[in-house]
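Here are my notes on the model you sent over. Have it open while you read.

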Amino acid sequence: VKDSVAFGDYSVTLTATDPDGLSAKTTLALSVEEKAALILVTTGDDQAVPDGTTATGKSLDALISELGSDKLSLREAIWIANNVAGKETIAFTTLNTTFSLENAIVIDSDIAFVGNGVGNTIIQVKGKETGIKIKNAKIADVAVSPNVSFSGITFSGNLTNGDLSAA
């Protein structure tokens with residue numbers, strides 16, 4: 001039951017005893033983490049979130065449904081991930097395409113990006129003011145950056161300082 005799970009790090013001690021009473025003991029480290037939500041990018045178009053769309057009080061599933069899961073862009077997927085609690089995973093359907101970014105996308109939450117393999121999922125930045133920017137936040141005057149990871153993705157184009165950077 002999800003509500004009864006305590007997320008965190010634990011030490012688990014295992015003891016094995018044979019029929020003669022001889023025993024062996026070992027301790028293992030165990031980390032219990034909440035499963036990340038999955039958001040699927042289903043179009044290579046660089047679609048913006050429609051004006052007037054708000055995330056207030058809406059669940060992840062409701063936001064995906066509202067934007068249309070059959071044509072969800074990378075930009076829309078990041079907007080959804082930025083507006084729901086917890087860590088999300090953004091994955092790409094069987095699309096083997098290039099995502100051309102016309103304007104910068106800012107990430108301000110924990111997101112794992114999982115592509116279809118280097119050379120299959122390509123994010124192309126078009127210039128100095130485009131790309132993916134990871135926004136730093138301040139909590140009690142301490143700068144905190146979101147935990148963002150990329151796997152199976154190729155970045156191409158006019159990559160300059162700031163195209164994949166801290167905002």
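The points below cover confidence, one helix, the core and one sheet.

1. First, a caveat: this is a predicted model. The chain averages a pLDDT of 78, and 77% of the residues score at least 70. Confidence peaks in strand 7 (residues 111–114), at a mean of 91, and bottoms out in strand 14 (residues 164–166), at 48. Where pLDDT is low, the predicted coordinates shouldn't be read in detail.

2. Have a look at helix 2 (residues 74–82), which is mostly covered, with eight of its nine residues buried. The buried set isn't just nonpolar side chains on paper: Arg 75, Glu 76 and Asn 82 are in it, along with Leu 74, Ala 77, Ile 78, Ile 80 and Ala 81.

3. Now the largest nonpolar core, which has 29 residues. Which of them touch the most other members? Those are Ile 39, Leu 74, Ile 80, Ile 90 and Phe 113. Helix 2 supplies the largest share of this core, at five residues.

4. Ile 80 deserves its own point. Leaving out residues up to four places away in sequence, Ile 80 touches Ile 39, Leu 60, Leu 63, Ile 64, Leu 67 and Leu 72. One of these, Ile 39, is also among the core residues touching the most other members.

5. Last, the sheet. Three strands make an open, parallel sheet in the order 5-8-13. Strand 5 (98–101) and strand 13 (154–157) are the edges, each pairing on one side only. On average, neighbouring strands here are turned by 25 degrees against each other, direction ignored. Strand 8 (residues 122–125) pairs with strand 13 over four bridges, in the parallel sense. To check the register, find Ile 123, whose bridge partner in strand 13 is Phe 155.

Terms used: Residues numbered from 1 in each chain as written. Predicted model: local features only at pLDDT ≥ 70, side-chain atom pairs only at ≥ 80, totals over all residues. Heavy atoms only, no water. pLDDT = per-residue confidence, 0-100. Helix = DSSP H or I, 4+ residues; strand = E, 2+ residues; numbered from the N terminus. Buried < 20%, exposed > 50% of the residue type's maximum accessible area, 1.4 Å probe, protein only. Pairing = 2+ DSSP bridges. Axes fitted to C-alpha atoms, helices over the stretch in contact; angles between N-to-C directions. Core = buried A, V, L, I, M, F, W, Y, C linked by side-chain atoms within 4.5 Å. Contact = heavy atoms within 4.5 Å.
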